Structure formats: structure tokens, C-alpha cells
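Biologist: I would like to learn how to read a protein model. Could you walk me through one?

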Amino acid sequence: METQEDQSQQRVFVDGTFAELAKEMADYLHIGEEVKPLLEKDEKDEALKKIVIASPILNSVPEKEFQSSYNLLIYLVLQSENAGMFLPRVCENLMKPITSSPVHGPGLALNALTTIFNLLKPDSERDNELRFNVFMAILRFVKLNGFYETLKRCLPEIKGWLKQWETDEEDQRKLYLEIAEVAHDAGDGETSYQHVLSALRTFDEDEVKSEEAQQLALRALKSSISSPTHYDFQDLLAVPAIQALSELHPLYHELLVIFAEKDLEDYSDFLEEHEGFIEKEHLDGEKLQRKIRLLTFASLAASTPNREIPYANIAKALQIPEEEVEMWTIDVIRAGLVEGKLSQLNKLFLVHRTVYRVFSEKQWRELNDRLSGWTSILKNVITNLRREQANAEAHKKREAEDLERRLANAGISGNSTTGGGSGGGRRGGGDRGDRGERNERAPRRERTDDDD
């Protein structure tokens, strides 16, 4: 099966007319003489009927011929306007063992089934109905033979396919439940639960109290509270069929509400009030006890304003010895419900982050209080920063003024000293300057013999 991302129309390349190819297939199945007169009369569907009835023999052909022979059979069937009459038999054949290849047979058969699925046109009303039926056959095949990982890759496409196929609610429910069974058998509990939930949502409002809807609701409820990895129950509580349990199966609904919103103390009260209920309903009491403790820890972390929880508080809430606090803390962190670190010296658990089990009006108020607190802290920080910035700027300004004053004072003192010296210099320098000027104007005359 191809996903929407990489889907390109799969093609089986064949050469020849329908009659030529049908004759070739019939000869391969050793029924050529029976099919020949039907083809001469252009009775295509009658010829196909004989070919399909004889096709189980393909499960025993040599492995190297299996794919090509089935591709030819699939091509011939899809040429008929009544392909829906023949495909169920072809799919049924592929569900049976491939005797010629005990090792690779299941993979070859799955390839043939996916070839049928991919060759059906997604924009054809006829083919959309056939696609649903072929996909159901693929699900049954995977359930019997494995290959769950191959199936899982296409699960994100399911809702889009169902919409495209215009599948009614009943068939949608069948498909979701088949996927849930396959996922459960493969050990993928979360995927199984999500598809049971999808099946539950297909019930109309006037069907949610039906026996089928209630049994499915109980199945989803039991799966959710027993799962070692599922801790969010708000999506389940929002499903109408689950809400209807409050009238028809009130104890189960009460139990679900405890796991969704309450804590270990409430669970203990439930056990005391309805003694033997857990055992009677074949629920795993040990698993439930462990799970409600982890959820109680998460609630405690979420409701602690200062984010520091003493070991004693944890021990009291979880009804455990204080010596076991660190073990339970590690477990709740591994479950992804809380993040933080232990302070063994101070016997505190420091909460960094926690998951809110329910986000109702109370949690909104708590969030508002925390935001108000953070806002106040940030305002104080900003005020302090601005004050320090102003102080820094004032200090910088004072330093600049002080430096300017010092420079100004130094300049005045230097000018006074230089002025006195320059006066004397001017006087002395003036004489030298005059002589220099005279020297320049009257150069010294050299001595001659006439001077004597």
C-alpha cells in the first residue's frame, strides 16, 4: 500500500488484447479449451469466471512465476465492469498458504493484495467501494501473517481514505475495530486504543446507549485505565458513548472519573465502598494501584505552588514508606508525567515541569495566579534594571563631568606657566629674531686684499 506522500499510480505492464491475455492465462491454468469458445463469443465475464475459479492453482506455481502470473490475473479482473464479483475470490486465494514458497509466500501474497489495492482508481466510485473491501482483506491477512509495520505506515491515511470512499459509519467502525485488533495482536496498545476510540465516535447520538456502543465503550475504558502508557483520559470522557456509561454502567464511569481527575485516596474509598468490584470485572488491581499512584504524584506536583515537595508529603499522598519516595519519583519521571530532580540532602523533590491531568476552571485560576506572580516578578526585575541603568548613566555622567573639570583645570595652569616663559622668550627670541632678520638682509661680506 502506498501512502499519500509517495503514491504514484502503480501499473502492471502487459501487452496484448483482453482475449489474447485471457487465453494465455487460461492455458497456464490448463483450461484453455473451456475458455476459448467463451472468448470467441466475447463473453468476457464468463471467461473470467472460469479463470478465477481455477486460479487457486497459482498458489502452487514456482516462486519466480508467482508475481507475474498473479499480476496478469489481477489485470484481467480489473478490466471487467463487474470486478467486484471476482476480486473477493482472488483475495480469498491470497489468504491461503503459498505452498510453492513456505518462507517467502506471505510476503508474495501481501504484495499481490497491495497491487490490487493500488491499481484500483481512487477517483472511481466503483473502485472506492472495492478499495474498502480489499483493504479489509489486507487487514485480515496482516492479522494472520504479521507485517504490522508495513501496515502501520499507512494508518495516518485511513481517515482521508474513508472520506474519499464515502464509507458509511458502520463500515468505518468495522475497519477501525479491525485495525485495533491487528495493533493489539502486534503489541501496539496505544494504536489499538486510538482506533477503538475512533470506532466509538462513529455512533450517532441515538445509538450511544445501544448494547454494541456500550460494550465498545467499556472496552475502551478498560483499555485506557489498564494501559501502562496512557495517562490522559479527557478525550475519552468527551465521547458521548462513554458519557452514557454514567447511566448504564455507573461504577465504571465513576472509576474512569477517578483516574481522570482524582487521586489515590478517592480510589481507596471506591475500593472500600465497592468491595470486590475490581476482581469481579477481571481488572488487574495491582496495575490500577500503581497507575493511580503515579497520577496522584502528578497532581501533587501540579498543585504545589513553590515547586518544592518534601518527601513526607509524597509519602503521605502515595501512602508509601518514605524510603520508597525516590523509587516512585524515578517512576513518575520515566512515565513522562513530571520533570524535576531530587534533593537527597534536603529530602525535597524540585519540580521543573508537570502534566496537568485535567485543565478545568480551577487549573485556569491557578495558571492565572502563577502568571500574575510571574508578571509581578518581571515588573520588579524591569524596575530594578531601569533603576540600575539610571544609576549607571548618572555615574557615567558624573565621571565625564569630573574628567572635563580636571582637564579644564589642567589647561588653565599650563597656560599661566607657558605665558611667563613665552614673554621672556619673546624678548630674547625677538633679539635673536632681529639679528636673524638683519643677517638675512645683509649677508656678511667676505674679506679681500683691498681691506688691507
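Biologist: In which helix is Leu 385 found?

Modeller: Leu 385 belongs to helix 22 (residues 361-441); helices (H or I, at least four residues) and strands (E, at least two) are DSSP runs, numbered from the N terminus. This is a predicted model, where local features need pLDDT of at least 70, side-chain atom pairs count only at pLDDT 80 or more, and totals for chains, interfaces and linings use all residues. Residues are numbered from 1 along each chain as its sequence is written, and side-chain values use heavy atoms, leaving out hydrogens and water.

Biologist: Is Leu 385 buried or exposed?

Modeller: Buried means under 20% relative accessible area, exposed over 50%, and partly exposed in between (1.4 Å probe, protein chains only). With a relative accessible area of 55%, Leu 385 is exposed. Of the 452 residues of the chain, 38% count as buried.

Biologist: Which residues are buried in helix 5?

Modeller: A general idea helps here: an α-helix has 3.6 residues a turn, so residues three or four places apart point the same way. In helix 5, the buried residues are Ala 83, Phe 86, Leu 87, Val 90, Cys 91, Asn 93 and Leu 94. They lie on the same side of helix 5 because they cover an arc of only 155° around the axis, taken from the directions from the helix axis to the C-beta atoms.

Biologist: What do the buried residues of helix 5 pack against?

Modeller: Their partners are helix 3 (44-54), helix 4 (63-78), helix 6 (105-119) and helix 7 (125-145).

Biologist: How many helices and strands does the chain have?

Modeller: The chain has 22 helices and three strands.

Definitions and conventions
Contact means heavy atoms within 4.5 Å.
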